[in-house]
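Here's a walk through one protein chain, from single residues up to the whole fold. Have the structure open while you read.

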Amino acid sequence: MTDSRPYLTDPIRTAKQVTIYQKQPLPPNLLKLLRSLVAAGSHSTVEIVVEDLSDVVYLRQLHSSGFKLFYGVGLPRRSVVFTDPRQGFLQKDNSPLSSFRSPPAKDAEDLYYKLRWCRFGHAVLLTGMVKDVDTGSGLFCLATEGGRDDWCRLKDPNLTDSPEIGNIVEVFGWEKWVSIFSPAGQ
């Protein structure tokens, strides 16, 4: 008996937008496919929402590949790829691209809308000079190239050595959503 559900590569190649939710790195061939599509300009966007990924090198690769990278909370253990709100693909295990299979359409749409609420910020790469250090709290103030001051904290609370004032540093992190609501006419 053959599996008649669609495989992941064909829907990705024809989708206007791809949204991925993951707690573990993507299979290399999926990442390669997404990079090639973004580089070719054939997609409007590729959005990736991650949770509990501590591999900074991998996160920076995602960020530099032209993907929109977000931080999520409450994501499923297995990676999920959506090519539209009604078509999603779940990874059965940690195996290659062929392990992604399509769930029934209603289940995919329900999961899509539930996961939309699990995003809490987007990835940023800040470069600037350390302007101030609060050693008691482990915070340091980074004066970025855009003239903005950002207070940062090292992820590992056991590290007590903050960067020294005057050092140029690069920080990869998550910026929380900011939404401004302005009623019409104001």
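S36 is partly exposed, with 40% of its relative accessible area showing (under 20% counts as buried, over 50% as exposed, and partly exposed is what falls in between, using a 1.4 Å probe and protein chains only). You'll find S36 in helix α2, which covers residues 28-40. Helices here are DSSP runs of H or I with at least four residues, strands are runs of E with at least two, and both are numbered from the N terminus. S36 and S65 sit 29 residues apart in sequence, and their C-alpha atoms are 9.4 Å apart in space.

G121, in strand β7, is another story: at 1% relative accessibility, G121 is buried. The C-alpha atoms of G121 and G72 are separated by 7.5 Å, with their positions 49 residues apart along the chain.

A word on what you're looking at: this is a predicted model, so local features need a pLDDT of at least 70 and side-chain atom pairs count only at pLDDT 80 or more, while totals for chains, interfaces and linings use all residues. Residues are numbered from 1 along each chain as its sequence is written, and side-chain values use heavy atoms, with hydrogens and water left out.

**The fold overall**

The chain has four helices and 10 strands, and from the N terminus on they run α-β-α-β-α-β-β-β-β-α-β-β-β-β. Of the 186 residues, 39% are buried. As for contacts (heavy atoms within 4.5 Å), take those with a separation of 6 or more: 61% of them are between residues 24 or more positions apart.

**Salt bridges**

How many salt bridges does a search of the whole structure find? The search finds five, a salt bridge being a side-chain nitrogen of Lys or Arg within 4 Å of a carboxyl oxygen of Asp or Glu. Here are three of them.

| Pair | Closest N and O atoms | Accessibility of one partner | Accessibility of the other |
|---|---|---|---|
| E170 and R60 | 2.4 Å | E170, 45% | R60, 34% |
| R86 and E109 | 3.7 Å | R86, 57% | E109, 23% |
| D149 and K131 | 2.6 Å | D149, 38% | K131, 47% |

E170 and R60 form a salt bridge that links distant parts of the chain: E170 belongs to strand β10 (residues 168-176) and R60 to helix α3 (residues 56-64), 110 residues apart. E170 is partly exposed, and R60 counts as partly exposed too.

R86 and E109 also pair up in a salt bridge. R86 lies in the loop between β4 (80-84) and β5 (87-91), whereas E109 is in helix α4 (residues 105-116), so this pair ties together parts that are 23 residues apart in sequence. R86 is exposed, while E109 counts as partly exposed.

Then there's the salt bridge between the side chains of D149 and K131. D149 is in strand β9 (residues 149-153) and K131 in strand β7 (residues 119-134), which puts them 18 residues apart. D149 counts as partly exposed, as does K131.

**The largest pocket**

The largest pocket has a volume of about 930 Å³. A pocket, on a 1 Å grid over the protein atoms alone, is an open set of points with protein on both sides within 12 Å along at least five of seven lines, and lining residues have an atom within 4 Å of a point. Grid points are joined across faces, edges and corners, and the volume is the space filled by probe spheres set on the points.

Which residues lie nearest the centre of the largest pocket? They are R153, V171, F172, G173 and W174, out of 29 that line it. α3, β7, β9 and β10 each supply at least two lining residues, and β10 gives the most, with seven. By type, the lining divides into 16 nonpolar, three polar and 10 charged residues. Nonpolar takes in Ala, Val, Leu, Ile, Met, Phe, Trp, Tyr, Cys and Pro, charged takes in Asp, Glu, Lys and Arg, and the others, Gly among them, are polar.

**How far to trust it**

The average pLDDT (the predictor's confidence in each residue, from 0 to 100) is 78 for the chain, and 78% of the residues score at least 70. Among the elements, strand β1 (residues 17-22) has the highest mean, 90, and strand β6 (residues 100-101) the lowest, 68.

Over residues 1-6 pLDDT stays under 50, and the model has eight contacts beyond four places in sequence for them. Residues 178-186 also stay under 50, with zero such contacts. Where pLDDT is low, the predicted coordinates should not be read in detail.

Key
1 Å grid on protein atoms, 1.4 Å probe; cavity = no way out; pocket = protein on both sides within 12 Å on 5 of 7 lines; lining within 4 Å.
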